[in-house]
Amino acid sequence: MRISDIQRCEVRPGQLVEWTFSKATVSAAAALPSDPRPPAYIQESHIRTARSVREDGLFVPTWLGTAFDLPGRADLDALERALHGWTLRHETLRSGFRWAGDDMQRFTLPENEVSLRREVVGDFADAEALIHYLQNRFDVAADALGWPNFIYAAVVRDESTSVYMAFDHTNVDAYSLQRIPDEIHELYIADVMGRPDIGITAGSYVDFCRQERANADGIDDTHTIVARWREFIGRCDGRLPEFPVDLGLRPGDVLPTQKLMCEPLVDADAAAAFETYCRPYGGSLVGILAATSLIVHELGGQPVYRTVVPFHTRLKSAWSDSVGWYVGGAPIEVPAARDFDGALETVRAELRANRSLARIPLARVLRLLGTDFRPTSPDMYSIVSYVDARLIPGSARWTERKAYGLIRVSYGDQVCAWVNRLHEGLWFACRYPDTDVAYKNVRRYVESLRDLIVSVPAPC
């Protein structure tokens, strides 16, 4: 799925309709007892960071979302039933958190208490006005510190209907978002055609949170994983790694605004040739990280490229169709290599040695280390992510359906880059601090990455 922001996802005028939880549902949630299942460490870290930044006087929207088209003028009753049925399928969407002193306590609605409220907002004749409204609305409705913390919307036209769904990050990861267009489309078409819903039964992310937390709480500061993180952070001068190029920032600066860079990187043939070249070393993920290590050494001069590589934690089939935030991180260190093949070998070895570290949430590790990483930015570290999305159901029709994964670009002092392999080729997206120096160096990184990818020898 192409990653974008609300400004660049082909928003077009039409009649805007919204769905949120009904007042009865919100009232029922307020009266619920606590659910003993705890938040995932990544959820708790995200919410505490949002609270800390808010207490410092800055509102930093961080929602994620998806946008896609349905054919023609949608039957709003059928679309509402599809949205409602999909919401019931994923327990995390009817679960939230409240504060009890400094502790986070979960509550979870039963399915029979969940209903949606539809509101026709009005007609928008101007795309820019609609974009402005949607962003402001999603900022409030999908706020990390509020509940409910997601919203559905549709822009209805005679020729097509655009669906927008925005969520606080505690509910979703990129894989969750990528599955949504096909799932909603199938539920909607089945309703319109009068077919029974034979949809999937998804595992509960809330149950996963309990299992993952129990596993994480079972280790102490003597565990091998904790020791390896301690050593890694020590070699990062006591911090988590940043993107090792000049971003035009100075210590003590206020949290800067960010910009988004998103564009096609290479076409399908070049992506396939790159994958073929990198496959003996582990594939395109290894290739992207190896290329990055060479490029940032050239741009920033650091002798070792250190980063945290995101990996999914859907280790059991029960979670494969589930909506949730199933992401962990593994540290790698890549000394400057003589050439691309040398960097590939090092990255392959680092990933083999360290991937298992992603099974214990980093927030748990930091707590055991006793390190005071007081959250002042929504991003604890910089990332370069690679995902091959071609096997996601419906991915072959993403372009036709104008499907996008949406990120809210607001404030942050890190560089977060995503390379997604689509049927059309590789798509690049990156959030970076809004400075002239950062733009210049991120632009140089993208062009160098493109040049390196297309330079690998084509398969014989």
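This is a chat about the sheets, cores and cysteines of a predicted model.

Student: Hi! What should I know before I start?
Tutor: Residues are numbered from 1 along each chain as its sequence is written, and side-chain values use heavy atoms, leaving out hydrogens and water. The model is predicted, so local features need pLDDT of at least 70 and side-chain atom pairs count only at pLDDT 80 or more, while totals for chains, interfaces and linings use all residues.

Student: Okay, sheets. What is the strand order in the open sheet of seven strands?
Tutor: The order is 1-13-3-8-7-2-6, with mixed pairing. Strands (E, at least two residues) and helices (H or I, at least four) are DSSP runs numbered from the N terminus, and two strands pair if DSSP finds at least two bridges between them.

Student: Which strands stand at the edges there?
Tutor: Strand 1 (2-4) and strand 6 (116-124) do; each has a single partner strand, so one side of each is left without a neighbour in the sheet.

Student: And how many bridges join strand 2 to strand 7?
Tutor: Five, and the two strands run antiparallel. Trp-19 has Tyr-152 in strand 7 as its bridge partner.

Student: Which residues touch the most other members of the largest nonpolar core?
Tutor: Trp-19 and Tyr-152 are among them, along with Leu-79 and Trp-86, in a core of 70 residues. A nonpolar core is a set of buried Ala, Val, Leu, Ile, Met, Phe, Trp, Tyr and Cys residues joined through side-chain atoms within 4.5 Å. Buried means under 20% relative accessible area, exposed over 50%, and partly exposed in between (1.4 Å probe, protein chains only).

Student: Which helix gives the most to that core?
Tutor: Helix 3 (residues 76-89), with seven residues.

Student: What does Leu-79 touch?
Tutor: Leaving out residues up to four places away in sequence, its contacts (heavy atoms within 4.5 Å) include Trp-19, Ala-154 and Ile-184.

Student: New topic: how many disulfides are there?
Tutor: Zero, by the rule of two cysteine sulfur atoms within 2.5 Å.

Student: Why is Cys-262 not bonded to Cys-9?
Tutor: Their sulfurs are 10.0 Å apart, too far for a bond. Cys-9 is buried at 2% relative accessible area, and Cys-262 is buried at 16%.

Student: Back to sheets. What is the order of the four-strand one?
Tutor: That open sheet runs 9-15-14-12, with mixed pairing. Nine bridges join strand 9 to strand 15 (residues 425-433), and these two run antiparallel. Glu-263 stands opposite Phe-428 in strand 15.
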